[in-house]
Amino acid sequence: MAPLNQKRILLGVSGGVAAYKAVEVLRRLQRMGAEVRVVMTAAATKFIQPLTFEALSHHRVYADLFPEEGDPDVIHVRLGGWADLVLIAPATANLIGKMANGLADDLLSCVLLATRAPVMLAPAMETRMYEHPAVRRNLGRLREAGYRVVDAEVGELASGAHGMGRLAAPERIVEAVVGELGRSDAFCGRRIVVTAGRTEEDIDPVRFLTNRSTGKMGYAVARQARLRGGDVVLISGPSSLDVPPGVEVVRVRTVAEMREATTEAFQGADALIMTAAVLDFRPQQVAASKIKKAEEGLRLDLIPTEDFLVDLGACKGERVVVGFAMETEDGVANARKKLEAKRLDLIVLNDLTVRGAGFGVDTNVVSLIDRRGNTEALPRMSKIEVADRILDWVARRWQ
Ligand code: CTP
């Protein structure tokens with residue numbers, strides 16, 4: 001079967017010289033079995049006639065947010081909902097800037113906000129523009145937000161100069177689309193439970209114990225799993241992060257609440273990804289009223305909380321269970337012990353001593369350690385990318 005059989009791809013063409021190469025991209029997508037519809041920006045129509053795309057896609061080209069002949073549907077919502085994937089090729093500096101800032105002043109930019117499908121973009125522009133700090137920043141932001149970027153290449157540019165910024169070769173773009181949609185296939189119809197953030201345990205009505213976890217890693221996993229078409233339940237400790245679109249959230253505070261919510265969600269799940277930094281201790285007693293200050297200070301008696309990952313690991317059956325290990329020394333050895341003790345399929349070792357890893361930052365430095373004894377040390381990368389590596393591992397495991 002063709003790799004893109006029955007896949008619906010919305011091809012967005014923005015206004016650069018490379019717009020003509022979008023024709024080749026369209027042809028290749030069709031040859032792979034995809035159904036393609038085309039949206040063009042006004043500038044793109046200056047470079048290439050919509051008729052070319054119409055003739056090849058056997059369908060009208062959309063370019064106008066307010067079409068003259070009228071359309072009973074809200075066109076950007078309909079197109080955004082229709083697509084299994086939105087591909088922008090070429091993506092100009094202007095469109096990238098609009099996407100990074102959530103602007104929506106024409107049909108294509110509205111579609112990009114209205115869709116919940118994965119969005120992939122292939123930038124193309126002159127080297128100086130591509131290397132401009134504003135463009136670098138905008139592309140970085142989009143990557144962080146879960147957009148896929150097919151990096152530009154070095155080659156001959158429209159100005160005649162030779163340099164970085166040429167649209168990636170059509171075959172490379174199509175390869176990336178096939179890879180992305182293959183990922184979604186693994187997750188469609190799957191239920192994934194993700195725990196995220198910290199827990200809190202009360203000392204008295206105004207004070208509590210907690211840790212530094214912000215939830216960024218877990219929210220990234222939830223977002224990426226949802227983008228792949230999974231049915232995602234996010235069990236979140238206190239966090240100020242926005243819940244990713246389409247993700248069902250259960251908010252909890254204490255270890256007991258997290259345990260209960262996770263155990264319940266685990267019932268019908270295919271995978272559990274336990275990124276939460278669960279407290280290991282809680283005060284033996286919670287004072288009913290505020291503890292007054294005292295000359296002699298205060299001693300707190302702490303007792304262990306229940307490690308519910310151990311319980312869930314023990315009864316997991318066919319379900320895939322991924323744990324995290326936060327370590328400050330002997331990382332790999334300690335992580336392996338946790339993998340065994342908690343009967344996990346995979347453990348993600350988070351070395352908190354490395355720069356750009358751990359709490360509060362957007363990047364992480366992790367190693368993936370599995371039951372077969374394989375250890376894959378990943379370089380520093382965004383938490384979104386780490387999330388994808390973990391989900392790729394889960395998908396391979398399901399296969
Ligand atoms: N975990 C859990 N319940 C706890 C503590 C941890 O379910 N009470 C889970 C975490 O979510 C994580 C894994 O167990 O996926 C490992 O957590 P970590 O804090 O690294 O290890 P601990 O088992 O708590 O051991 P230690 O703190 O001694 O390193």
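1. How many of the six residues of strand E1 are buried? Five of them are, so that this strand counts as mostly covered under the cut-off used here, where buried means under 20% relative accessible area. The neighbouring strand in the pairing, E2 (residues 35-40), is likewise mostly covered, with five of its six residues buried. The reader should keep in mind from the outset that this is a predicted model.

2. For general orientation, the protein has 14 helices and 21 strands, and its C-alpha atoms fill a box of roughly 80 × 45 × 45 Å when this is taken along the principal axes. Of the 399 residues, 50% are buried, and the protein exposes about 19,200 Å², of which carbon and sulfur atoms supply 49%. Among contacts between residues at least 6 apart in sequence, 66% join residues at least 24 apart. On the side of charge, there are 53 positive and 52 negative side chains, and the centres of these two sets lie 2 Å apart.

3. One open sheet has five strands, which follow the order E2-E1-E3-E4-E5 with parallel pairing. E2 and strand E5 (148-149) stand at its edges, each with a single partner strand, and therefore one side of each has no neighbour in the sheet. Strand E1 (residues 8-13) and E2 run parallel and are joined by six bridges. Along this pair, Arg 8 stands opposite Glu 35, Leu 10 stands opposite Arg 37, and Gly 12 has Val 39 as its bridge partner.

4. Two helices can be described against this five-stranded sheet. Helix H9 (residues 170-187) lies across E1, E3, E4 and E5, and its direction makes an angle of about 160° with E3. Helix H6 (residues 107-114) has six of its eight residues buried, so it is largely enclosed by the rest of the structure. Those buried residues are Leu 107, Leu 108, Ser 109, Cys 110, Val 111 and Leu 112, and they pack against E1, E2, strand E3 (85-91) and strand E4 (119-123), as well as against helix H4 (75-82) and helix H5 (93-101).

5. Strand E3 also holds a point of backbone geometry that a reader may wish to look at in the model. The peptide bond from Ala 89 to Pro 90 is cis, with omega near -5°, and Pro 90 has its place in strand E3.

6. Another open sheet is formed by eight strands in the order E12-E11-E8-E13-E16-E17-E19-E20, and here the pairing is mixed. Its edge strands are E12 (248-251) and E20 (375-377), each of which pairs on one side only, while the twist averages 15° from one strand to the next. Within the sheet, strand E16 (residues 320-327) and strand E17 (residues 346-351) run parallel and are joined by six bridges; Ala 325, for instance, has Leu 349 in E17 as its bridge partner.

7. Which strands does helix H10 (residues 216-227) lie across? They are strand E8 (191-196), strand E11 (231-236), E12, strand E13 (271-274) and E16, and the helix runs at about 165° to E11.

8. Val 247, in the loop between E11 and E12, deserves a separate remark. With a relative accessible area of 10%, Val 247 is buried, because the cut-off for that class is under 20%. If residues up to four places away in sequence are not counted, Val 247 touches Ala 222, Arg 226, Val 232 and Leu 234. Val 247 and Ala 225 are 22 residues apart in sequence, and their C-alpha atoms are 9.2 Å apart in space.

9. Two loop residues are worth checking for their backbone angles. His 58, in the loop between helix H3 (50-57) and H4, has phi near 55°, a positive value in a residue other than glycine. Asp 330, in the loop between E16 and helix H13 (331-341), has phi near 50°, which is again a positive value in a residue other than glycine. Are these residues buried or exposed? His 58 has a relative accessible area of 69% and is therefore exposed, the cut-off being over 50%. Asp 330 counts as exposed as well, at 59% relative accessibility.

How values were computed. Residues are numbered from 1 along each chain as its sequence is written. This is a predicted model: local features need pLDDT of at least 70, side-chain atom pairs count only at pLDDT 80 or more; totals for chains, interfaces and linings use all residues. Side-chain values use heavy atoms; hydrogens and water are left out. Two strands pair if DSSP finds at least two bridges between them. Helices (H or I, at least four residues) and strands (E, at least two) are DSSP runs, numbered from the N terminus. Axes are lines fitted to C-alpha atoms, for helices over the stretch in contact, and angles run from 0 to 180 degrees between N-to-C directions. Contact means heavy atoms within 4.5 Å. Buried means under 20% relative accessible area, exposed over 50%, partly exposed in between (1.4 Å probe, protein chains only). Accessible areas come from the Shrake-Rupley method with a 1.4 Å probe; for residues, only the protein chains shown count as cover. Lys and Arg count as positive and Asp and Glu as negative; His and the chain ends are not counted. The place of a charge is taken as NZ of Lys, CZ of Arg, CG of Asp or CD of Glu.
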